[in-house]
Amino acid sequence: MATRRILGIETSCDETSAAVLRLEDGRPILDSLVILSQDVHRIFGGVVPELASREHLRTIGPVVDRALAEAGIGATQLDGIAVTAGPGLVGALLVGLMYGKGLAYGLGRPLIGIHHHEGHLFAPTLEDPRLAPPFVALLVSGGHTLLLDVEAWGRYRLLGQTQDDAAGEAFDKVGTLLGLSYPAGAAIERLAATGTPGRFTFPRPMLKQGWHFSFSGLKTAVLRAVRASDDLERDRADIARDFQDAAIDVLVEKTARATLELGRDTAVLAGGVACNRALAQALSARLGSAARVATASPRLNTDNAAMIAAAGAWRLGLGERSEFTLEPFDSGPLPGLLRD
Amino acid sequence: MIALAIETTTDRLSVAGRVDGGEGRTAARALDGARRHAAALIPLIDEVLSELGTTLPAVTDIAIADGPGSFTGLRVGASTVKALVRTHRQIRVSAASTLMVRAAGAGAPHGAVVLVVTSALRGELYAATYLVDLPNTVTTIKAPTLATPESLHAQRPDLLVADAPEKLVERLADQFQVPLVRGAASLPMAKALLSLVAVPGGAVPIEELDDWEPSYGRPAEAQAKWEAAHGRALPDTPSDRG
């Protein structure tokens, strides 16, 4: 039985993460996943890049060591290193990337740089090994909102993307307006669950137009509602509810329409916003028996190294290798992205 | 001893290596351009080791310049060294201030007192003074610190190493009337760092590499503003962890 072990490293934003993925005859088994979140950014209401970079450097060694220890292996038992190369905060990426390069060079093992978005697409496969393309994927996080037709691994057709704020960014900004701490996604979901729907009517931007997204108008409408409120304590939950409903309506409508029009039998929700249970429930309800919804557990939907290891295992399995000259990047298309 | 030195704190990236024994051998590489550090560091290390006819598992010592300097450059070097040593635990790591590295590479005569001054931006300087007697010893007379030009009057050095705005360098040169090393010759180079390995008063051994981080010289700007506004240390940062 052929066994390969891939170390994943992810430092694209404010999580320092490492994971060991074991492949038994190609079947992925997650042996360990360590995620260390940086709390300091809550104070600033958003990620401070220089602080994030410093914290990554402080924690990358212990995080990798713990991932290896939890997997019960030493570094020499690794068969490859997969590390996020971008997109993300370049200073933060640099720490993980240089650490990954150093490990790969020191161990004499192959290195593969992974596009962060591709990692998110692979995340659900760690819990649902049967999941395979083709499927439609909605990748929603604090930095990205992408609607993709995943024709095959490595063949990604961009259907739509946000024209302004990312969905998660809108959740965080609305959270700030409502006095919630950063990051606000989970807090908005909890608050919305206690709110009464329909008290506020927020716009559903571009709901029926194409497959692109826009969230800045929605965010502005919430700002106006907050400013107009004479008792924000009374209105907070209802505003959260109607904001979430509006955002989910747009995300669900476009994802469902793409899934149905393209005849895919699966819709994948990926990224931090995919942790929102109301989103998955609404998409399942909208698709009915026409397609199933696949999404990872919250630990694998937020930024993590397991998804990087999974994407890395696939690319290393194809024989791909990154050079030690690999550099981080703050933005850039998915490898294999197709545009019509 | 097979030693490797890595300098990533300025626009010039450099790597040097030395194999002791017999006549000894050294190799060095350098590259200009701050944005090229991440891409070039491992290949330069590989070139140096290849020229020396050795490989990483045989290396006994790695020295790193630990700032102050480019925040990004510091992290490129530090994260790489942490990982290299993670794969070969026998490697000892030591660190020297970037200012000491500049002093060591300035060609100072034996026993010279060297004042090193570099720009810290915002009208401030990093300054340090060393008594340099290589290859025997280095003595830190005044450790690196943030300084103003006015605060440098106290002691007249034998040699001034300055990498700062032109007007300021000229003012200091007029003030001290001593030999001046400036421009490219003042940059910290890995070869000079190599000369500080295992030298009393030179590069300092790092016992707990995981806990070690470079000397940034300044807190992050957001942290500084927050602390100034709140009159206390930012929670969850090293200054608050004691």
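Accessible areas are obtained by the Shrake-Rupley method with a 1.4 Å probe, and for residues only the protein chains shown count as cover. The structure is a predicted model, in which local features need pLDDT of at least 70 and side-chain atom pairs count only at pLDDT 80 or more, while totals for chains, interfaces and linings use all residues. Residues are numbered from 1 along each chain as its sequence is written, chains are lettered from A and ligands numbered from 1 in the order in which they are written, and side-chain values use heavy atoms, with hydrogens and water left out.

**Exercise 1. Describe the overall form and surface of chain B.**

Solution.

Step 1. Chain B contains 7 helices and 11 strands; helices (H or I, at least four residues) and strands (E, at least two) are DSSP runs, numbered from the N terminus.

Step 2. The C-alpha trace of chain B spans about 50 × 45 × 30 Å along its principal axes. The radius of gyration is taken over C-alpha atoms, and the globule rule is 2.2 Å times the number of residues to the power 0.38. For 242 residues a compact globule would have a radius near 18 Å, and chain B agrees with its 18 Å.

Step 3. About 10500 Å² of chain B is exposed, and carbon and sulfur atoms supply 52% of this area.

Step 4. Of the 242 residues in chain B, 52% are buried. Buried means under 20% relative accessible area, exposed over 50%, and partly exposed in between (1.4 Å probe, protein chains only).

Step 5. Contact means heavy atoms within 4.5 Å. Among contacts in chain B with a separation of 6 or more, 60% are between residues 24 or more positions apart.

**Exercise 2. Determine how strand β1 of chain B is covered and paired.**

Solution.

Step 1. Strand β1(B) covers residues 2-7, and 6 of its 6 residues are buried.

Step 2. I2(B), L4(B) and I6(B) point one way from the strand, whereas A3(B), A5(B) and E7(B) point the other way.

Step 3. Two strands pair if DSSP finds at least two bridges between them. β1(B) runs antiparallel to β2(B) (residues 12-19), with 6 bridges joining them. A3(B) has R18(B) as its bridge partner in β2(B), and a hairpin through 4 residues connects the two strands.

Step 4. With β4(B) (residues 61-65), β1(B) pairs in the parallel sense over 4 bridges. Here L4(B) stands opposite I62(B).

**Exercise 3. Explain why strand β6 of chain B is largely enclosed, and identify its partners.**

Solution.

Step 1. β6(B) comprises residues 112-119; 7 of these 8 residues are buried, so the strand is largely enclosed by the rest of the structure.

Step 2. An antiparallel arrangement with β7(B) (residues 125-133) rests on 8 bridges, and V113(B) stands opposite L131(B). The hairpin of these strands has 5 residues between them, and L121(B) takes a positive phi near 65° in it.

Step 3. β6(B) pairs with β9(B) (residues 159-163) in the parallel sense over 5 bridges. The bridge partner of T118(B) in β9(B) is D163(B).

**Exercise 4. Characterise chain A and find the edges of its open sheet of 6 strands.**

Solution.

Step 1. Chain A has 10 helices and 11 strands. Its radius of gyration is 20 Å, close to the 20 Å from the globule rule for 340 residues, so chain A is as compact as a globular protein of that length.

Step 2. In chain A, 60% of the 340 residues count as buried.

Step 3. The strand order of the sheet is β10-β9-β6-β7-β8-β11 in chain A, with mixed pairing. The edges are β10(A) (292-295) and β11(A) (337-338), each with a single partner strand, so one side of each is left without a neighbour in the sheet.

Step 4. β8(A) (residues 155-161) runs parallel to β11(A), with 2 bridges joining them. Y156(A) stands opposite L337(A).

**Exercise 5. Place A187(A) in its helix and state whether it is buried or exposed.**

Solution.

Step 1. A187(A) lies in helix α5(A), residues 185-193.

Step 2. A187(A) counts as buried because its relative accessibility is 17%. The buried residues of α5(A) are A187(A), I188(A), E189(A), L191(A) and A192(A).

Step 3. These buried residues of α5(A) pack against α4 (167-177), α7 (232-261) and α8 (277-287) of chain A.

Step 4. Measuring from C-alpha to C-alpha, A187(A) is 37 Å from K101(A) in space, and the two are 86 residues apart in sequence.
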